[in-house]
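These are my notebook entries on how two chains meet. I set down each item as I looked it up.

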Amino acid sequence: MEIVNSNCASLSNYEVLEHLQKVKDCRPKHKGQLATITYETLRYLENTPCKDQTEESIKECIKELAPFKLHKTELLIMINSPPVTPLEIQFIVEESEERLTEDQVQEILSIISKHFPHVQKTPQNEDEQSE
Amino acid sequence: MFILAEMKNVTRIPPELFHLKLNDAIAGELNKKLANKVVLNVGLCIALHDIVSLQESYIFPGDGASHTRVTFRYIVFRPFIEEIIVGKIRSCSQEGVHATLGFFDDILIPPSALQHPSRFDETEQAWVWEYDTGDGNKHDLFMDAGETIRFRVTAETFNDTCPAGPTLKENQDNPENKVSYSLLGSINEPGLGLLSWWDS
């Protein structure tokens with residue numbers, strides 16, 4: 001086996017979830033290692049915010065976040081685990097204090113909550129379970 | 001967290017799979033070969049994404065199978081350095097906090113990358129963040145197994161776990177225990193660590 005390019009693209013969690021659901025639903029059922037890893041990965045992804053995302057919501061969100069000049073990797077983290085608090089922006093965006101004003105941080109948060117309205121609920125749900 | 005890796009392979013299709021469409025047969029063989037396996041310096045392979053190109057198939061004397069050169073893209077788990085990931089605590093030990101994502105277990109957050117000051121509680125077998133409440137008191141925050149934890153990926157290690165030759169084997173203590181792909185994480189930043197710490 002030969003590796004042509006070990007990293008030709010990054011995938012968002014949503015894209016992987018979509019693809020794995022197709023793999024899981026295909027007939028005849030897969031067996032062995034593929035079934036194991038698909039099941040385990042799906043179980044992880046279904047507990048992340050990406051299960052309620054859609055292709056459109058992600059595209060629109062990225063479009064609206066474009067003026068903030070975020071790095072591609074920062075955008076990817078924001079899509080995979082959408083921030084809800086200014087604190088989360090702070091550790092996702094490198095040197096956020098210099099690159100973003102407080103108003104911009106609030107703007108990013110409102111854009112994210114507009115496109116992914118479900119993320120606000122997730123942490124609370126987890127709380128109820130753990131208590 | 002996930003990437004696409006482009007790879008080339010000569011895939012052998014045994015005669016009992018000739019009733020399948022060539023694409024399906026090759027996809028099946030590639031998944032059998034790679035799914036849930038670590039490829040050195042690539043990452044943990046999850047599932048076939050798509051086949052990019054197929055070349056002509058060959059048969060060789062003495063073998064009824066067909067051999068096809070195929071270029072394909074595979075979904076691979078390989079978080080980039082500095083990525084933020086949410087997982088669960090698997091266990092705690094003197095070496096640090098072991099985290100898991102369910103499909104990937106080899107994540108270690110070493111003591112030096114925990115919140116300061118932290119200590120290891122021998123009776124509870126858990127790491128404890130001695131949170132300074134500001135009025136001279138300390139509030140113990142336990143990191144118990146099963147809790148959801150958010151961490152930053154700081155390093156990755158690949159190990160070649162090829163079976164060693166007989167002479168090598170004597171020198172190595174336990175080659176079986178070598179992990180082919182492992183990650184190091186850190187939580188010593190505000191906002192990282194257990195999700196419940198930062199809710200209020």
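Entry 1. I began with a single link: the side chains of Glu88(A) and Arg150(B) form a salt bridge, with 3.2 Å from N to O. I counted as a salt bridge a side-chain nitrogen of Lys or Arg within 4 Å of a carboxyl oxygen of Asp or Glu. Between chain A and chain B the count is 2 salt bridges.

Entry 2. I noted the basis of the work: this is a predicted model, in which local features need pLDDT of at least 70, side-chain atom pairs count only at pLDDT 80 or more, and totals for chains, interfaces and linings use all residues. Residues are numbered from 1 along each chain as its sequence is written, chains are lettered from A and ligands numbered from 1 in the order in which they are written, and side-chain values use heavy atoms, with hydrogens and water left out.

Entry 3. I then looked up the extent of the contact (heavy atoms within 4.5 Å). Chain A brings 33 residues and chain B brings 46 residues. The buried area is about 3500 Å², and carbon and sulfur atoms give 65% of it; this is the accessible area (1.4 Å probe) that two parts lose on being put together, summed over both. Met1(A), Tyr44(A) and Phe91(A) supply 21% of what chain A buries against chain B, more than any other three residues.

Entry 4. I next examined the strands, which, like helices, are DSSP runs numbered from the N terminus (helices H or I, at least four residues; strands E, at least two). E1(A) pairs with strand E1 (residues 2-13) of chain B in the antiparallel sense over 6 bridges; strands pair if DSSP finds at least two bridges between them. In this pairing I found Ala9(A) opposite Leu4(B), and Glu2(A) has Lys8(B) as its bridge partner.

Entry 5. I followed the sheet further: 5 strands form an open, antiparallel sheet in the order E1(A)-E1(B)-E4(B)-E3(B)-E2(B). E1 of chain A and strand E2 (38-39) of chain B stand at the edges with a single partner strand each, so one side of each has no neighbour in the sheet.

Entry 6. I closed with Asn80(A), which lies in helix H4 of chain A. Is Asn80(A) buried or exposed? Asn80(A) counts as buried because its relative accessibility is 6%, where buried means under 20%, exposed over 50% and partly exposed in between (1.4 Å probe, protein chains only). Leaving out residues up to four places away in sequence, Asn80(A) touches Ser12(A), Asn13(A), Pro49(A), Met1(B) and Glu83(B).
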